[in-house]
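Colleague: Can you walk me through this one? I have the coordinates open and will ask as I go.

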Amino acid sequence: MQSNNQETILDKLTSVRDIKELSLQQLEILARELREEIIHTVSCNGGHLAPSLGVVEITLALMYNFDPEKDKIIWDVGHQSYAYKILTQGVEKFRTIRQFEGIPGFPNPKFSKMEHFGVGHSSTSISAGLGMAVARDLAAEDNYVLSIIGDGSMTAGLAFEGLNQAGDQDRNLVVILNDNEMSISNNVGALSSFFSRKLYDQRFVRFKEDLKRRLRQVPRIGEELVNYARRSEDSLKSFFTPGMLFEAFKFNYLGPINGHNLKSLIDVMKQVQSLEGPILIHTGTTKGKGFPPAEKHPTHFHGVGCFEPETGKPTSNKAATGEAYNSVFGNTMCSLAEHNSKIVAITAAMPEGTGLACFKEKYPDRFFDVGICEQHAVTFAAGLASQGYRPVVSIYSTFMQRSYDQIVHDVCLQNLPVTFCLDRAGLVGEDGPTHHGAFDISYLRHIPNLVLMAPKDELELQSMLSLGVEHSGPCAIRYPKGSGPGKQMQSKGETLSLGKGEILKSGNELLVITLGSTVSPALEAANDLQARDGSSICLFNARFIKPLPEEQLLQLIPSFGKILIIEENSVIGGFSSAITEFLFDMEIMGSNTKFKRMGLPDKFIQHGSRSKLLNTVKLDKDGIKQELEQLLKSRGD
Ligand SMILES: Cc1ncc(C[n+]2csc(CCOP(=O)(O)OP(=O)(O)O)c2C)c(N)n1
């Protein structure tokens, strides 16, 4: 950001191609300016700060050596692409990032011709890059394909599936491994400790010096041996570094190099232009580089809300209504685990986001972070459950999409007692369509044996979790981002019965059937209308999508001529589909009954604050009230 009236290098750029004309010194100044702009904008809009600060030099070296219009630069996850967005779309657009109708936080080809592939979920960049490399070769075109992937994203099987085929295809493809030894939290797994065997690791340097000293001591041929060792340093390097691993995949391994040293980066990227076949450049970077609070607390600054740019202290003073769902989940897990030693918790690289950090602290032996490996997380849980344990797998709704086959084949088909906790179900807000949890009811509700439920508040989440870990088969609980309506946690939630809902408000003019996050706004809307003009609305909280509370529905539905079903899931295949299918099967789809359903429309919903998006799709109190008013006014026949 410009701190005085002097024109910065960033201001003077008219096109991304201007970067090629800059001196090393000017590039270093530009790196500083980019960091200032990223910190300034993220402090106002929130966003992925630490990942983006870590790749500023890598971005500049790419821009210096390649042509982002012609060459395909693919950012894995895309949360680190802020410097790229500034350079390719300009500061003005960048300042609208993540805001409703502004540019998205993740690369999306619909918004820029220099964003070649839509991302948000991790570990896709090598497969997509290989696809682009093959397409290029088939069309006899000439461009570079570069995939930039973090060490966290490299833990996923998908990344290795890509490497495996890429090595075999032997196409020109460059993979840049951005190794900061962090996922959102510290990276985990055997692979991550392998990566951290760095060339500039003191142990390697010491070993090298030691070896040379000993060789020199060999009579007569000592100096010659030292020279031979020097010549062999490259193969020694790959033996002592992750080169071994990537060379086994038939990649030409370059590195590791300091990912903040612009000269080394520019040199190595120049070098790859004269090489053929798949190449992996291993760079070491610091997450949060250049902003001390983020360097110190990279997990907190991975993705942040608004903050003071001078100190990093949060500034958003949104009054939360209740306790955050993830914290209710984490605390409930801790208390349930106290009484049941078979309960174990599993996360796929999100101990903080899912609320399991306290469980990790309290029960380190019963906590498992498997890395960004949602598929493995589910099958791993199935193995534990098959041996009498009660695994609880907490994964965001959107990322659970990856585990569909494992849920069907490894858990539900064998009726194993695994509890799935799907956080961030529904609209997530600023992260946008790659992250909305719009489909989980639809992709889970048809799986035999699976119990599927959604809590209306914090207390109900507590009760559903207790039911889940006691139930003899698989269960899934979906709950939204943020906090609940404000129900205090109790030492023990209400005991729920499978497939039983509750009438929260009685009435005789219209029946609302809903569950989960839409219960609260629907109840408020119904109460408002009753207070305003005496409307008599009955509200039924179904709690369960599966098994549906069939008996209660059969009792309630025939008494109403107007029925509104509300859910925060895609209307296609969701909760309202479950009810209409049930009514159809029971042959009680009365032609005199007016049915209406509200849910997420059949389209991908853009980014913006959660409240703005809920308002846009009419799933907030005002939208529901409008629908209720119309239904109440309409004739019942
Ligand atoms: C399939 C999937 N699971 C989980 C996430 C959430 N997530 C976003 S970034 C990230 C960590 C990525 O670490 P790394 O690739 O090393 O990049 P860094 O943030 O360290 O730059 C995770 C777990 C995701 N985007 N996609």
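Colleague: Is strand β16 mostly enclosed or mostly open?

Modeller: Enclosed, going by this predicted model. Strand β16 covers residues 562-570, and eight of its nine residues are buried, so the rest of the structure largely encloses it.

Colleague: Which strands pair with it, β16 I mean?

Modeller: Strand β13, residues 510-514, pairs with β16 in the parallel sense over four bridges. Strand β17, residues 594-600, also runs parallel to β16, and six bridges join the two.

Colleague: I want to check the register. What stands opposite what?

Modeller: Towards β13, Thr-514 is opposite Ile-566 of β16. Towards β17, Ser-570 is opposite Leu-600, and Lys-562 has Lys-594 as its bridge partner.

Colleague: What is the strand order in that sheet?

Modeller: The order is β12-β14-β13-β16-β17, an open sheet of five strands with mixed pairing. β12 (502-505) and β17 are the edge strands; each has a single partner, so one side of each has no neighbour in the sheet. From one strand to the next the twist averages 25 degrees.

Colleague: Which helix packs on that sheet?

Modeller: Helix α23, residues 519-533, packs on it and touches β12, β13, β14 (537-541) and β16. The direction of α23 makes about 165 degrees with that of β14.

Colleague: And α25, which of its residues are buried?

Modeller: In helix α25, residues 575-585, the buried ones are Phe-575, Ser-576, Ser-577, Ala-578 and Ile-579. Their cover includes β16 and β17, along with α21, β13, β15 (544-546) and α24 (550-556).

Colleague: What about the backbone after α25?

Modeller: Glu-587 follows α25 and has a positive phi, near 55 degrees.

Colleague: Switching to the whole chain. What does the domain assignment give?

Modeller: It gives domain 1 as 9-199 + 241-296, domain 2 as 325-478 and domain 3 as 502-633.

Colleague: How far apart are domains 2 and 3, and how many residues are in contact?

Modeller: The C-alpha centres of domain 2 and domain 3 are 26 Å apart. Across the interface, 23 residues of domain 2 are in contact with 29 residues of domain 3. On the domain 2 side, α21 (440-444) and β10 (451-453) are the elements that give two or more residues. That side divides into twelve nonpolar, five polar and six charged residues.

Colleague: Now the ligand. Which residues come nearest?

Modeller: Pro-51, Ser-122, Gly-150, Gly-152 and Ser-153, out of 24 residues around the ligand.

Colleague: What is the shell like by class, and which domains does it draw on?

Modeller: It has eight nonpolar, twelve polar and four charged residues. Domain 1 and domain 2 each supply at least three residues of the shell.

Colleague: Last topic, the β1 sheet. What is its order and pairing?

Modeller: Five strands form an open sheet in the order β1-β2-β3-β5-β4, and the pairing is parallel. The edges are β1 (72-75) and β4 (252-258); each has a single partner strand, so one side of each is left without a neighbour in the sheet. Here the twist averages 15 degrees from one strand to the next.

Colleague: How many bridges between β4 and β5?

Modeller: Five, in the parallel sense, with β5 covering residues 278-284. Asn-258 stands opposite Gly-284 in β5. Helix α14 (residues 262-272) packs on the sheet, touching β3 (173-179), β4 and β5, and its direction makes about 170 degrees with that of β4.

Conventions: Residues numbered from 1 in each chain as written. Predicted model: local features only at pLDDT ≥ 70, side-chain atom pairs only at ≥ 80, totals over all residues. Near = placed C-beta within 6 Å. Nonpolar A, V, L, I, M, F, W, Y, C, P; charged D, E, K, R; others polar. Domains from an automatic or database assignment. Buried ≥ 20, exposed ≤ 12 C-beta atoms within 10 Å, placed from the backbone. Pairing = 2+ DSSP bridges. Contact = placed C-beta atoms within 7 Å. Axes fitted to C-alpha atoms, helices over the stretch in contact; angles between N-to-C directions.
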